[in-house]
Amino acid sequence: MSAVELDALAAAVDLSALKTWFRTKDVVQHPILSNVSRATQYRAVQALEDKGFIAAHPGANGEYMLVEDDDLMDTFQKAKLSVVS
């Protein structure tokens, strides 16, 4: 997982603490990604979906939810981050 993907994942975790579903634009506008180009931000969100860290809302375009599973927790443990359940 690249550093930008990890930052995008951190943004998704932060957003999911506020609400179950979040929009792509919420992730890319998160302050943690402010120093990353717009195209890279969107590629990172797509990579998170491709890798199964976020799941698209079946009825709404551009909305996602965080997929919490053991792989996600392993990623956060490797990066020495914590997630409050």
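Ile 54 meets its bridge partner, Leu 66, in strand 3. That pair is a good place to start a tour of this chain. The model is a predicted one: local features need pLDDT of at least 70 and side-chain atom pairs count only at pLDDT 80 or more, while totals for chains, interfaces and linings use all residues. Residues are numbered from 1 along each chain as its sequence is written, and side-chain values use heavy atoms, with hydrogens and water left out.

**The overall plan**

The chain holds 4 helices and 3 strands. Here helices (H or I, at least four residues) and strands (E, at least two) are DSSP runs, numbered from the N terminus. Following the sequence, you meet them in the pattern α-β-α-α-β-β-α.

How confident is the predictor? Its confidence in each residue is called pLDDT and runs from 0 to 100. The mean for the chain is 84, and 80% of the residues reach 70 or more. Among the elements, helix 3 (residues 38-50) has the highest mean pLDDT, 93, and helix 4 (residues 70-78) the lowest, 63. Where pLDDT is low, the predicted coordinates should not be read in detail.

Of the 85 residues, 32% count as buried. Buried means under 20% relative accessible area, exposed means over 50%, and partly exposed lies in between (1.4 Å probe, protein chains only). The accessible surface of the chain is about 5200 Å², and carbon and sulfur atoms own 50% of that surface. These areas come from the Shrake-Rupley method with a 1.4 Å probe, and for residues only the protein chains shown count as cover.

Contacts (heavy atoms within 4.5 Å) are also worth a look. Of those in the chain with a separation of 6 or more, 50% are between residues 24 or more positions apart.

**The sheet**

Which order do the strands take in the sheet? The sheet is open, has 3 strands in the order 1-3-2, and its pairing is antiparallel. Strand 1 and strand 2 are the edge strands, each pairing on one side only. From one strand to the next, the twist averages 40 degrees.

Two strands pair if DSSP finds at least two bridges between them. Strand 1 (residues 21-23) is joined to strand 3 by 3 bridges, and Trp 21 has Met 65 as its bridge partner. Strand 2 (residues 54-56) is likewise joined to strand 3 by 3 bridges. Ala 55 stands opposite Met 65 in strand 3.

Strands 2 and 3 form a hairpin with 6 residues between them, and Gly 62 in the turn has a positive phi of about 80 degrees. Now look along strand 3 (residues 63-66), where the side chains alternate. Tyr 64 and Leu 66 point to one face and are buried, whereas Glu 63 and Met 65 point to the other face and are not.

**The helices around the sheet**

Helix 1 packs on the sheet, where it touches strand 1, strand 2 and strand 3, and its direction makes about 90 degrees with that of strand 3. Angles like this run from 0 to 180 degrees between N-to-C directions, using axes fitted to C-alpha atoms, for helices over the stretch in contact. Helix 3 lies across strand 2 and strand 3 and runs at about 90 degrees to strand 2.

Helix 1 (residues 3-16) has 14 residues and reaches 20 Å from its first C-alpha to its last, close to the expected 20 Å. The expected span is 1.5 Å times one less than the number of residues. Its buried residues include Ala 8, Leu 9, Ala 12 and Leu 15. An α-helix has 3.6 residues a turn, so residues three or four places apart point the same way.

**Three residues to find**

| Residue | Location | Relative accessible area | Class |
|---|---|---|---|
| Thr 24 | helix 2 | 14% | buried |
| His 30 | loop between helix 2 (24-28) and helix 3 | 14% | buried |
| Ser 16 | helix 1 | 22% | partly exposed |

What do they touch, leaving aside residues up to four places away in sequence? Thr 24 touches Tyr 42, Val 45, Gly 62 and Tyr 64. The C-alpha atoms of Thr 24 and Ala 12 are separated by 9.3 Å, with the two residues 12 apart along the chain. His 30 is in contact with Ala 11, Asp 14 and Leu 15. Ser 16 touches Phe 22 and Leu 66, and the C-alpha atoms of Ser 16 and Tyr 64, 48 residues apart along the chain, are separated by 9.4 Å.

Technical notes
pLDDT is the predictor's confidence in each residue, from 0 to 100.
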